[in-house]
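Reader: I would like to learn how the labels people put on a structure are decided. Could you take me through some of them?

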Amino acid sequence: MPSISPNKPYRVGRSRTGLGLFATKPIKKGTRIVRYFGPLLDSKKKEEDEIENKYLFELTNRWTIDGSIRENVARYINHSCRPNAESDVRPRKRKIYIRAIKNIEPGEEINYDYGTDYFKAYLKPIGCKCDSCEKKRKKKRAEARAERQRLKEKAERKAKRRGEKVAKEKTKVQEKAKEKAKKKNGKANGRWLNGSGRPRPAGKKVVASRRKSSATPLHA
């Protein structure tokens with residue numbers, strides 16, 4: 001890690017993505033914070049054009065700054081989709097500065113937008129981890145959890161209503177069965193009861209009474 005003068009308003013420290021640059025003093029909007037520097041590469045030279053790393057900063061179609069050297073403290077500044085700084089590119093002077101676009105408070109991480117090409121090549125495949133994107137993901141996860149909970153509660157209410165309906169129908173069927181059995185038992189009992197409602201004595205036959213005629217039969 002490079003040594004930084006105590007007079008500088010920043011320090012290198014741990015961040016969500018590894019190392020980052022943090023303000024140690026208040027930095028006003030518009031202030032040049034640090035210069036992004038390194039060897040100047042000429043794309044017309046094959047050996048220099050073939051150099052590849054994450055710290056290449058293009059000045060023009062021909063000139064590129066290789067910021068991979070450890071002395072380049074600006075290399076520790078991380079990307080953000082909602083940054084508090086920006087790159088101030090000076091192609092003619094072949095210099096790049098990082099400038100504050102907001103007031104930055106002590107302890108706040110300094111960050112700038114790396115640009116579309118870098119984002120697509122290096123950040124999109126693994127997912128951007130800047131505060132803005134983390135908040136979006138956190139919000140989406142919270143919304144997804146809330147939606148899952150809502151669907152779960154809805155399913156539980158539906159299952160409860162279905163259970164109550166089934167129980168009601170079951171009770172109704174049982175009541176009908178009881179009523180039917182009651183009627184059936186009533187008919188069976190009525191078949192074995194006499195007029196007084198008492199059971200008939202076993203083995204006793206009922207003989208119909210005959211009325212005797214007082215008339216004397218006629219003889220031929």
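Reader: What makes C133 buried or exposed?

Author: Happy to explain! This is a predicted model, in which local features need pLDDT of at least 70 and side-chain atom pairs count only at pLDDT 80 or more, while totals for chains, interfaces and linings use all residues. Residues are numbered from 1 along each chain as its sequence is written, and side-chain values use heavy atoms, leaving out hydrogens and water. Now the label: buried means under 20% relative accessible area, exposed means over 50%, and partly exposed lies in between (1.4 Å probe, protein chains only). C133 has a relative accessible area of 12%, so C133 is buried.

Reader: And what is C81 called?

Author: C81 has a relative accessible area of 31%, so C81 is partly exposed.

Reader: Why is there no disulfide between C81 and C133?

Author: A disulfide is a pair of cysteine sulfur atoms within 2.5 Å. The closest cysteine sulfur to that of C81 is in C133, 3.5 Å away, so the two are too far apart for a bond. By this rule the count of disulfides is zero.

Reader: Why is the pair of Y112 and Y114 called tilted?

Author: Rings of Phe, Tyr and Trp (its six-membered ring) pair if their centres lie within 6.5 Å; planes under 30 degrees apart count as stacked, over 60 as edge-to-face, and the rest as tilted. For Y112 and Y114 the centres are 5.1 Å apart and the planes are at 55°, so the pair is tilted.

Reader: What makes the pair of Y114 and Y118 edge-to-face?

Author: Their ring centres are 4.7 Å apart and their planes stand at 90°, so this pair earns the name edge-to-face. Y112, Y114, Y118 and Y122 form one aromatic cluster, and the structure holds four aromatic pairs.

Reader: Which of these rings are buried? How do you know that for Y112 and Y118?

Author: Y112 has 4% relative accessibility, so Y112 counts as buried. Y118, with a relative accessible area of 18%, is buried too. Y114 comes out at 23%, and is therefore partly exposed.

Reader: How do you know that the charged end of R32 sits over the ring of Y97?

Author: The rule asks for NZ of Lys or CZ of Arg within 6 Å of the ring centre and within 35 degrees of the ring normal. The charged end of R32 sits over the ring of Y97, 4.1 Å from its centre. Likewise, the charged end of R94 sits over the ring of W63, at 4.2 Å from its centre.
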